[in-house]
Amino acid sequence: MKNFIKIIGQLPKYTAYSFSISMFVITVIGLIAGAKTISINMLVQLFVVCFVAAVLQMIAFSEICIKKMIYIKRLALFMFPFLAVITAFALGFNWFPKENILAWLIFIGVFVLCFIVSAILFEIHFKITGDKYTGILNEYKDKNNKKD
């Protein structure tokens, strides 16, 4: 139970990360497309999507629901439901015309690109963290070997 509360406590942080990154992506796309403003309704929709993303992240990448699963399966467990959620929002709130194939291709392309970039950044983070802990473990082993 303590672990569950600790992980759920991370929900605001992950929501904020997702929201900040989403705002950056929307700003870049808006600047390219020539948009001048974003509505409060769109901000609320974006926040809800980011909250759902954070919940899905907790489910897929923590050990709340799934104790053992390889990372690539966890990525798929996150990506496909999140794509369904974000697509439902795009359709339900008319983010762009339903019949505009180019807009949908760009939408899917941006989603995949953002997903790939975030997966790469997490891999880099895991590598750096793993190297750090390996170094600490090796120092500990060296200290204990010198005592013998």
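1. The side chains of Lys-127 and Asp-131 form a salt bridge, with an N to O distance of 3.1 Å. In this predicted model, the structure holds one salt bridge. Lys-127 and Asp-131 are four residues apart in helix α5, and so about one helical turn separates them. With a relative accessibility of 53%, Lys-127 counts as exposed because the cut-off for that class is over 50%. Asp-131, at a relative accessible area of 42%, is partly exposed.

2. Helix α5, which spans residues 101-147, also contains Ile-108. This residue belongs to a nonpolar surface patch of about 790 Å². The other contributors to the patch are Val-112, Leu-113, Ile-116, Val-117, Ile-120, Leu-121, Ile-124 and Ile-128. The relative accessibility of Ile-108 is 34%, and Ile-108 therefore counts as partly exposed.

3. Aromatic residues deserve separate comment. A search of the whole structure finds twelve aromatic pairs. One of them joins Phe-19 and Phe-47 in an edge-to-face arrangement, with the ring centres 6.0 Å apart and an angle of 70° between the planes. Phe-19 is in helix α2 (residues 11-33) and Phe-47 in helix α3 (residues 40-61), so this pair ties together parts that are 28 residues apart in sequence. Phe-19 counts as partly exposed at 22% relative accessibility, and Phe-47 counts as partly exposed at 43%.

4. A further aromatic pair is made by Phe-89 and Trp-95. Its geometry is tilted, with 6.4 Å from centre to centre and 50° between the planes. Are the two partners buried or exposed? Phe-89 has a relative accessibility of 15% and counts as buried, because that class lies under 20%. Trp-95 has a relative accessibility of 22% and counts as partly exposed.

5. Gln-45 is placed in helix α3. Setting aside neighbours within four places in sequence, Gln-45 is in contact with Phe-89, Phe-93 and Trp-95. Gln-45 thus touches both members of the tilted pair formed by Phe-89 and Trp-95. The relative accessible area of Gln-45 is 12%, and this polar side chain's residue is classed as buried.

6. Asn-94 lies in the loop between α4 and α5. Although Asn-94 is not a glycine, it has a positive phi of about 50°. Most residues other than glycine have a negative phi. A reader examining the backbone may wish to look at the loop with this value for Asn-94 in mind.

7. Ring pairs also link Phe-61, Phe-78, Phe-82, Phe-111 and Phe-115 into a cluster. Two members of this cluster, Phe-61 and Phe-115, are touched by Leu-75, which also touches Ala-119; residues up to four places away in sequence are not counted here. Leu-75 is found in helix α4, residues 71-92. At 12% relative accessibility, Leu-75 counts as buried. The C-alpha atoms of Leu-75 and Val-48 are separated by 21 Å, and the two residues are 27 places apart along the chain.

8. Lysine side chains also meet aromatic rings. The charged end of Lys-13 sits over the ring of Tyr-14, at 5.5 Å from the ring centre. Likewise, the charged end of Lys-132 sits over the ring of Tyr-133, at 5.3 Å from its centre.

Key:
Residues are numbered from 1 along each chain as its sequence is written. This is a predicted model: local features need pLDDT of at least 70, side-chain atom pairs count only at pLDDT 80 or more; totals for chains, interfaces and linings use all residues. Side-chain values use heavy atoms; hydrogens and water are left out. Patches are made of residues with over 30% relative accessible area and no salt bridge: like charges are joined within 9 Å, nonpolar side chains (Val, Leu, Ile, Met, Phe, Trp, Tyr) within 5 Å. Accessible areas come from the Shrake-Rupley method with a 1.4 Å probe; for residues, only the protein chains shown count as cover. A salt bridge is a side-chain nitrogen of Lys or Arg within 4 Å of a carboxyl oxygen of Asp or Glu. Helices (H or I, at least four residues) and strands (E, at least two) are DSSP runs, numbered from the N terminus. Buried means under 20% relative accessible area, exposed over 50%, partly exposed in between (1.4 Å probe, protein chains only). Rings of Phe, Tyr and Trp (its six-membered ring) pair if their centres lie within 6.5 Å; planes under 30 degrees apart count as stacked, over 60 as edge-to-face and the rest as tilted. A charge sits over a ring if NZ of Lys or CZ of Arg is within 6 Å of the ring centre and within 35 degrees of the ring normal. Contact means heavy atoms within 4.5 Å.
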